Structure formats: structure tokens, C-alpha cells
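Q: I would like a close look at one part of this protein, and then at how other parts compare in their surroundings. Could you walk me through it slowly?

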Amino acid sequence: MTAVQDRPIRRRHRGTAEDEWSGPWRRYDIVKEFVIATAVIAVLTVLLAVIFSSPDERPITLQGWAKAAPSDFVATAVSELDGQSGTATYGAPYNNTADAGQKLGPLPLQRLGGVRMPVDTANDFVLGPLRAVPNDPILTAALGAYSAAGADQQATWAGNYADALAKAPDGDPAKVAKGDYGPVPILAGRLLLLAQSGGLDGALTTERGQFYASDFTKPLLFLADGSYLEDQARAQHLGGDQWGMMNETGNYPGQAWLWLYTFWYQVKPFSTSDNADALVWGLMALLTLLLALVPFIPGVRSIPRLIPVHRLIWRDYYRRRSAPGGGVDSG
């Protein structure tokens, strides 16, 4: 606690002798003021956080997906086996799918970096995790039969089952018509059970030589190949045509500074192009370059002089500069 002391305070004025303070005195408790200010700020912070903060949504997991939309999960698992999922046909940096990847004109931007994170969807998402399941002779036999078959036979089984699932009511595996599917229904069914137990989340995040699992690339890719994740995103207004890049979940506003990126995805040709990401990136790179070069572009750099908005904003300054004795501004 501090207080003003009971003695005259001297202050020095420019060009004068020291004067004694003769005004009123009062005690000042800086500690008390600090405590009160801290309490008020804390209450306001909590109150404003409750009113304006983003909702804390629960993470979407493979377990949650398998329980909420088992038909979509099974169909996605079969597409991973079939090699027809989004990840399996994505190209770099996950695989070498021919002609896959976005381009900027003739420049194949996506393929320039090469395959840096190789992903084999059939083995990484389905067969690998199933091989780690213990004490299941039916599953072991199914894995053996699938592995013993040639690549063409595997593709035929998976393709037939994928078509049958698409034709089944609500995509329900229990309502699939009989056909030549080999062991694929058993593999998909066991993977569903593994996911519903939570084991698949752990299997896809396990990193060799690492104690902590921190790489969620594979679970996210698997989730993105299905429709469940997109449905959840659109329900929260996060779809690409919902300006999702700059939104928070629900109706909460997000990063408004990203509106310029999100804007281009809403207009043609970007909204209808398969190379939208590359095109938007190229356009934003060009606009950023133009912004950096504004001081060097004849005509553009003269816009502030021709349209003197700055004089309106700083009108008090320019008024003083134009006053007698204040000098005349030439800008």
C-alpha cells in the first residue's frame, strides 16, 4: 500500500524556479485499485467468453462414425479395399495415381512435391488393423483367403460388394443381395466392430518408435473418404459453398480476414473447377505480389494523391499544417 506523504512535493517548471505543491491531498491505495481492476477484468473476460466464444465441439472419431453411420462406414471401408476412395485416387503426396492432382495451367503443382506421405488405403486402413486383431479364427481365415487371391480377384470381390451396398436399402450391409463377394463382407464387418470398440482409432494413430500418438493423418483421410464427416461439417455451416473456411462451428463468426480466399470459391470459374485450390492459390499469390509492388507501379502509386482519402482521415493534421505559421503541406 502506498500513500501520498505528508510533505510538500516540489515540481520543476520549464524556465522557472521550483514551486511547492499547495493543492489538495488524498490517500491513494494502488494495491486496492489493482485488485479491483483485476477482478473486474476477470469477470468481464468470463462473461464475454460465455457469450461470444466458439462452442467446444466434441472431436469426430472413427468410433463415433462407426456407431452413428455404420452403413457409410462399411461402404467407405469397401471403397478403400477397392481402391476407389478419395484418398486412393488422390495422388501426391499420398500415392502415384496417374493424372491425379491439381494443376495451375500446365504446371502440376500437386505432383511437384512427390509422394511424401505414402498411403496404401487397403493395407493401412483395413487389412493392417484387422491383422492385429487376436483370437478370431473366422477373420484369420478371411484375411488368408483375401491375401491368397490375385489383385484382379480382390478388385472383383470389392467392386461387386460396393455395387451391392449401393443398391441395398439404406446401404445396410444386412440387406445386401447374395453375390460373389468373397471374404470382403467379413472383412468389412470385422472392421466395423473394431471401429465401434475404439480400436481402429488407436490402430491408425500408432507411430513406430513413438510413445505418444500425434499423427492423425490416416484417421482424418479415412473419415474424409466417407460422407459422415462432410455431413457434420455442413450441419455446422462449414461447407465450401457456405464460406466454411472463415467460419467457426455453428453460426459463430470466424476468421474474417480469410474472406478474400473464401470469396473466390463462390464464383466461377473457381466454384466449378477441379483445380479450384490451385487457381485460388495462384490468384492470391498474384494479388499479394501486386500489393507488395504498389509503390513501384506507375499510376497505381498515384491513387492516394488523386483520391486523397487520407486527408479526410487526418483532416485535423492537415488543417493545422495549413494554418498560418504551421507550414503548407505539399503531399
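A: Let's begin with Ile 51, which is partly exposed because its relative accessible area is 47% (buried is under 20%, exposed over 50%, partly exposed in between, using a 1.4 Å probe and protein chains only). Ile 51 sits in helix H1, residues 30-52; helices here are DSSP runs of H or I with at least four residues, numbered from the N terminus.

A word on the source: this is a predicted model, where local features need pLDDT of at least 70 and side-chain atom pairs count only at pLDDT 80 or more, while totals for chains, interfaces and linings use all residues. Residues are numbered from 1 along each chain as its sequence is written, and side-chain values use heavy atoms, leaving out hydrogens and water.

Now for a buried residue: Thr 76 belongs to helix H3, residues 70-82. Thr 76 counts as buried because its relative accessible area is 4%. Setting aside neighbours within four places in sequence, Thr 76 is in contact (heavy atoms within 4.5 Å) with Trp 65, Phe 222, Asp 225 and Gly 226.

Phe 222 also appears in the largest nonpolar core, among the residues with the most contacts inside it. Such a core is a set of buried Ala, Val, Leu, Ile, Met, Phe, Trp, Tyr and Cys residues joined through side-chain atoms within 4.5 Å. This core has 42 residues, and its largest share, seven residues, comes from H8. Leu 200 is another of those with the most contacts inside the core; beyond its neighbours within four places in sequence, Leu 200 touches partners including Phe 73, Leu 191 and Phe 222, by the contact rule above.

Conventions
Helix = DSSP H or I, 4+ residues; strand = E, 2+ residues; numbered from the N terminus.
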